[in-house]
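Please look through the sequence and the coordinates below before reading on. The paragraphs that follow walk from the whole chain to a sheet, and from there to some of the helices.

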Amino acid sequence: MDDYNKPDQPGVYLQNSVDASATSLKNRSVAVGKEFTTQQIKWQPPEAGWVKINTDCACRDGNVAGCGGIIRDNQGDCKGGLAKFLANCNIVKADLWGIFVELSLAKDLGYYKVYVNVDSTSTIDMIQSGRALDLNSHSLVKQILELMKIFEDIKVIHSYRQTNRCADALAKFDATTRNFLIFGEEFPIFIRHLLNLHSSQTNHQTFCAFSLHIHNITSRFLKMDESSLALVHGVDHQPQPLTVAPIVSSYNEKIRPVLDALENLRRLNIAKEGIQLPTIVVVGDQSSGKSSVLESLAGISLPRGQGICTRVPLVMRLQNHSHQHPELVLEYNGKNVSTDEANVSDAINTATEELAGTSKGVSNTPLTLIVKKNGVPDLTMVDLPGITRVPVHGQPDNICDQIKDMIMEYITPEESIILNVISANVDFATCESIRMSQTVDKTGLRTLAVVTKSDKSPEGLLEKVTADDVNIGLGYVCVRNRIGDESYEEAKDEEQKLFESHSLLSKIDKSIVGIPVLAQKLVQVQAMIISKTLPEIIKNINEKLAYSLHEMEILPANLSSLADAMSAFLLIVSLSRDSLRKILLIGEFEEYPDENKMHCTARLVDMLNSYANELQNCDENESNATRDFLMDEIKVLEEAKFISLPNFMPRTAFLTLLQKKVRGISHMPTNFVDSVWNYLESVVTSVLNRHSANYYQLQVSTRRAAEHLIAKKKENSIQHVMQAVEMEKHTDYTCNPEYLQEYNKLMLYQQAFVKEVLYDYRTSSTVKLEGVGDIEVNHLRNYHTNVLTQAFDLKARFIAYWKIVLRRLIDVIALHLMLSINELVNVDLQKEICNEVGGSIESLLEESPSITMKREKLSRSVKVLRESKETVAKIMDRIGVYGDKL
């Protein structure tokens, strides 16, 4: 348009035009020169538990594209979205890019039941069939299909363009402004009315007019000078940037205090507290041109030479400074060293030698360089050593691994933006720095690539940055390295001429070439990552401070006097006794809810039941119990006979059988008691260790006292058990009426048993006896009736009495153990500990080394976190993280 005049403030113009168009759309009053059939269509929310993604793309001049999208829930509320500039990209691939980045965002936000609304049926066909329309899109289709596997449920469906207006506006915005925009629940102002209108009915006629009007606005905007879009310092008339938050839109006045605050947090080494800071991390292969790029951004000379020039993490803090003379300061090892542009390189070398030694090794101790200079962008970057593959003389053999480990440490956190510097003459797909960034940033949304030495290898560069085979989500910027003694202004001019006049390089879109473009992108990316992470940083600082203060509170107080030591000692003994009483006597275990071992009453019952079962089953394990039935009784009666009345049962026969049987099980009670006291020793020791954990010497003494006491109690219990066993051997007595009941019950079968053995032997070789089982009787048929009758009588007496013996060996031992445990908890343990400690309470209550270290660590953490909280508090009143000026 020949009569077009560029507005003074393009951003405001774009905003006002969108608002006016949205208003007229709402009023249904947009005039168009063509009649349309009215069709009522509106955006429909998903069902509960789902979110809906609307995504779209925009393309201008055939190959300059952008994509965008928005995520909303079943209430129509915005949950997030983004817009991405795609540089050289056709419309097919741009549409796929929109789906890919929006699905990645939905995954990061934790939404796994998703509708994807796309207004292109061909794009839907590609995803459903898995076949791309062209070779360039094949890789992206595969990545989308792999990403979709992560979701619990996902549906890709067609939507009319009029229900896709927010995504359309975002895509057009990015194709126009060449920004990278990401937002959360607080959405950009220029789609606010569109979100409202999505909830009301719309007709196809008015939407066509609205889309046409938006196209005209963006077309006009594209005719403005590229300089009007710059965010770097030195531009006289900047537009109002259309980004997510005032932290970006009021960049000049508000980003500085935020960067200062982050730098203070970095100095406090808050990363040691597990809080990651947003960082632009510069990585690249050795000799890839990293130093040259940073020099051009900072306008100063950095160390150069053969081999590794950067041997420590160099934190470069660039600050725009209005004074005529630059200020340069190095910070390391608690020192501040001022320098100037002529000597900064030597100063960095000197500091590096102090940190990493005079050899060619590397160190992970950071060195900070503050550059205050007129015209530099406000940026903070961390330059890491270049990746090397073969150690040279003076370098350790594992230097390659050291550098890779250092790089991975810095680029792994989600808060890091990876500035990957790659030389134009290398294969991007095999570049080591690209491979490393891909391992931690698979989607590429945190990676920005700078292609250096473009003038040295221009052939095929356009295809490399256009194809993007290595998935660089934040895009590429191609630059020319400063050569020889060129000044930075001369280098800038030569770079501009190169990309304007070179037969190959001039074909690369101007939005992705040159140091000024790189500075602009870095400023935008830095603002984006800060606005995204700052609220979480503040939240983490508050949570970790509260946790550290709580941990400090539960640490034992320092004991400064004998009275304090005595009070602490009595408290430990009292708490230990209370815990043991709960778990051993009462059966309460709220102190150990998840430790079954410490649920002692239940475990003691388990052990007693196991012991009882072992005793009861001892007869069943004897293989000759039914095979040689009555043989032991017959032999004993034969040897116990004497001159006396006939059929008289000799007591010696019964005692002989009893003593033999008791000897056979005598090891079981002692083994049971031994195992119980071993268990009790572990329980008592665990409780004492827990309550005296803060005092190592006392812990040792109480453990020793417990071991001594348990040993004495165990010995006493074993003596008691052995005495009980001996009593059973020497005396056959019980007043339990169950004995006679069981005896008389068995004697009822005596005559029938003898008759069946002696007279019914032809029918079967076994006889079933109630309470005993099937008995083999062939071996008994040779004995006289009187012998069998008397042996059966003796067997019945023994069976009835043996049940009483076993029950007595269980009950008596259980009662004895419970009495011993009661005495242990309520009386013996406290006495034993006091005797063991004696008069050395003060020395025993000296704080253990582990507690001392924990106290010092917590004190440092509290100090750092409090200072960090104060640091961020000072800036929170000066900036609004989201929404104050939208």
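How many helices and strands does the protein chain have? The chain, which is seen here as a predicted model, has 27 helices and 19 strands. Of its 886 residues, 52% are buried, and the accessible surface comes to about 41800 Å², with 49% of that area belonging to carbon and sulfur atoms. When contacts between residues at least 6 apart in sequence are considered, 78% of them join residues at least 24 apart.

A good place to enter the fold is an open sheet of nine strands with mixed pairing, whose order is β12-β11-β13-β10-β14-β9-β15-β16-β17. The edges are taken by β12 (335-339) and β17 (476-478), and because each of these has a single partner strand, one side of each is left without a neighbour in the sheet. On average, and with direction ignored, neighbouring strands of this sheet are turned by 20° against each other.

Within the sheet, β14 (379-383) shows both senses of pairing, since it runs antiparallel to strand β10 (residues 314-320), with five bridges joining the two, while it pairs in the parallel sense with β9 over three bridges. Individual partners can be picked out on either strand: Leu318 has Leu379 in β14 as its bridge partner, and Val282 has Asp383 in β14. Is β14 mostly covered or uncovered? Five of its five residues are buried, so that the strand counts as mostly covered, and this holds for both faces, with Leu379, Met381 and Asp383 buried on one side and Thr380 and Val382 buried on the other.

Part of the surroundings of this strand is helix α12 (residues 399-411), which packs on the sheet and touches β9 (279-284), β14 and β15 (416-423), its direction making about 150° with that of β9. At 1.5 Å a residue, the 13 residues of α12 should span 18 Å, and the end C-alpha atoms are indeed 18 Å apart, which agrees. The buried residues of α12 are Ile399, Cys400, Ile403, Met406, Ile407, Tyr410 and Ile411; seen down the helix axis they fall within an arc of 135°, so they line one face of the helix. Their cover includes β9, β14 and β15, together with α13 (432-440).

At the β17 edge of the sheet, strand β16 (residues 447-452) pairs with β17 in the parallel sense over three bridges, and Val451 stands opposite Cys478 in β17. The strand β17 also takes part in covering a helix, for what covers the buried residues of α15 includes β17 and α16 (515-554). Helix α15 (residues 488-501) has 14 residues, which at 1.5 Å a residue should span 20 Å, and the 20 Å between its end C-alpha atoms agrees with this. Which residues of α15 are buried? They are Ala491, Glu495, Leu498 and Phe499, and they cover an arc of only 85° around the axis, which puts them on the same side of α15. On the other side of this helix, Glu489, Glu500 and Ser501 are exposed.

A last stop lies further along the chain, at Ala612 in helix α18 (residues 600-616). With a relative accessible area of 14%, Ala612 falls under the 20% limit, and it is therefore buried. Although Ala612 and Leu809 are 197 residues apart along the chain, their C-alpha atoms are separated by 9.0 Å.

Methods: Residues are numbered from 1 along each chain as its sequence is written. This is a predicted model: local features need pLDDT of at least 70, side-chain atom pairs count only at pLDDT 80 or more; totals for chains, interfaces and linings use all residues. Side-chain values use heavy atoms; hydrogens and water are left out. Two strands pair if DSSP finds at least two bridges between them. Helices (H or I, at least four residues) and strands (E, at least two) are DSSP runs, numbered from the N terminus. Axes are lines fitted to C-alpha atoms, for helices over the stretch in contact, and angles run from 0 to 180 degrees between N-to-C directions. Contact means heavy atoms within 4.5 Å. The expected span of a helix is 1.5 Å times one less than its number of residues. Buried means under 20% relative accessible area, exposed over 50%, partly exposed in between (1.4 Å probe, protein chains only). The arc is that of the directions from the helix axis to the C-beta atoms. Accessible areas come from the Shrake-Rupley method with a 1.4 Å probe; for residues, only the protein chains shown count as cover.
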